[in-house]
Amino acid sequence: MNIIVTGGAGFIGSNFVFHMLKAHPDYRIICLDKLTYAGNLSTLEPVMDNPNFRFVKADICDKEAVDKLFAEEKPDIVVNFAAESHVDRSIENPQIFLETNIIGTSVLMDASRKYGVKRYHQVSTDEVYGDLPLDRPDLFFTENTPIHTSSPYSSSKAGADLLVLAYHRTYGLPVTLSRCSNNYGPYHFPEKLIPLMIIRALHDESLPVYGDGLNVRDWLYVEDHCKAIDLIIHNGKVGEVYNVGGHNEMANIDIVKLILKELGKSEDLITYVTDRAGHDRRYAIDPTKIHNDLGWLPETKFADGIVKTIKWYLDNESWWQPIISGEYQNYYEKMYGDK
Ligand code: NAD
Ligand code: TYD
């Protein structure tokens, strides 16, 4: 089985590459990644010499490069993680989100059609459903919740989702789609809430909490997401959407306080800053379908996963230190300098 994994040098993609090489030692995994600011080849170091692994640096929007790779590898399955993924960056500059997230998806699906790929899987997000009110804890996103996006990021992901379903209906491309809640765990790029707060707290730097800090996200340990995708590409029904989430809703401020407690740091580091424009209030996934149809259940409880994650960042400074000393610092100044 040959599987092309795009965006495999990023957070979830790299965890998926590790998972697949371990869970399916007879599969060949080909990672296609442009290595944007969010892609990090050092993450894939442990598998670079694995004979069942190949890394190719390319842009998913580059038709020629994608065609050449598909011609060489004749993939059975394509799993598309490659995306611009940070909401705040999408507010600053939407264009690249439209290019990578929508055009890139169409390039990959055109190649998948041409080379007769047996399964094209699109990794999407619960953010395509928009948000839920804080005072209606009875409401959850199901696969039938209407698409109703708030940010350029979520709009670009929703555009890609619609295109994926259209390629199935129009061309019969065998697609599946998963919409997952917020992930956390190792190799999470330190511009996102959890790694940002861990690393800044370690340096006794202020922790910028947007708005009132009461926005709720539904957190899932990254390994559980990887296992869900593994199940969907093997057993999921073509043309179907699967929501992935573990019923683990947390307010941002409670996560920040938990991180401070684990690290033995003072809550005085918390600084409330100007809210994100269009900030979604609450995300909450109903995972009934993937549980009933495919038997998936999350294995890692948040209380354990967050401790494991904090320990990983403490033990792997050599991974994140080069990231925060480079382009990322300029980015931080730009995003938070005047907040
Ligand atoms: P990430 O930003 O950490 O990684 C993205 C990867 O894609 C990087 O390696 C980057 O180099 C690569 N990439 C970007 N543009 C590319 C292009 N044009 N061509 C080839 N490669 C390119 O993202 P992530 O958090 O790992 O998210 C992966 C996927 O999962 C995304 O599609 C995202 O929308 C989705 N998702 C993420 C979360 C989350 O909590 N992080 C939750 C649900 C869904
Ligand atoms: P983020 O990790 O960017 O994921 P997403 O926006 O895709 O859910 O943010 C998670 C939550 O944390 C979101 O409600 C915004 C908030 N947040 C902060 O309060 N401060 C920060 O510095 C960041 C990056 C996020």
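What share of the contacts in the protein with a separation of 6 or more comes from residues 24 or more positions apart? In this predicted model, such residues account for 83% of those contacts.

The protein contains 12 helices and 13 strands. Its radius of gyration is 19 Å, which agrees with the value near 20 Å for a compact globule of 339 residues. Along the principal axes, the C-alpha atoms occupy a box of roughly 55 × 45 × 35 Å. Of the 339 residues, 56% are buried. The exposed surface amounts to about 14,100 Å². Carbon and sulfur atoms contribute 50% of that area.

Helix 2 spans residues 63–73. Val66, Leu69, Phe70 and Glu73 are its buried residues. Viewed down the helix axis, these residues lie within an arc of 100°, so they line one face of helix 2. Lys63, Glu64 and Lys68 are exposed on the other side. The buried residues pack against four strands and a helix: strand 1 (2–6), strand 2 (28–33), strand 3 (53–57), strand 4 (77–80) and helix 4 (95–114). Lys74 follows helix 2 and has a positive phi, near 40°.

Strand 11 covers residues 241–244. Both of its faces are covered. Val241 and Asn243 are buried on one side, Tyr242 and Val244 on the other. Strand 11 runs parallel to strand 6 (residues 175–180), and 4 bridges join the two. Asn243 of strand 11 is the bridge partner of Arg179.

Key
Residues are numbered from 1 along each chain as its sequence is written. Chains are lettered from A and ligands numbered from 1 in the order in which they are written. This is a predicted model: local features need pLDDT of at least 70, side-chain atom pairs count only at pLDDT 80 or more; totals for chains, interfaces and linings use all residues. Side-chain values use heavy atoms; hydrogens and water are left out. Buried means under 20% relative accessible area, exposed over 50%, partly exposed in between (1.4 Å probe, protein chains only). Two strands pair if DSSP finds at least two bridges between them. The arc is that of the directions from the helix axis to the C-beta atoms. Contact means heavy atoms within 4.5 Å. The radius of gyration is taken over C-alpha atoms; the globule rule is 2.2 Å times the number of residues to the power 0.38. Accessible areas come from the Shrake-Rupley method with a 1.4 Å probe; for residues, only the protein chains shown count as cover.
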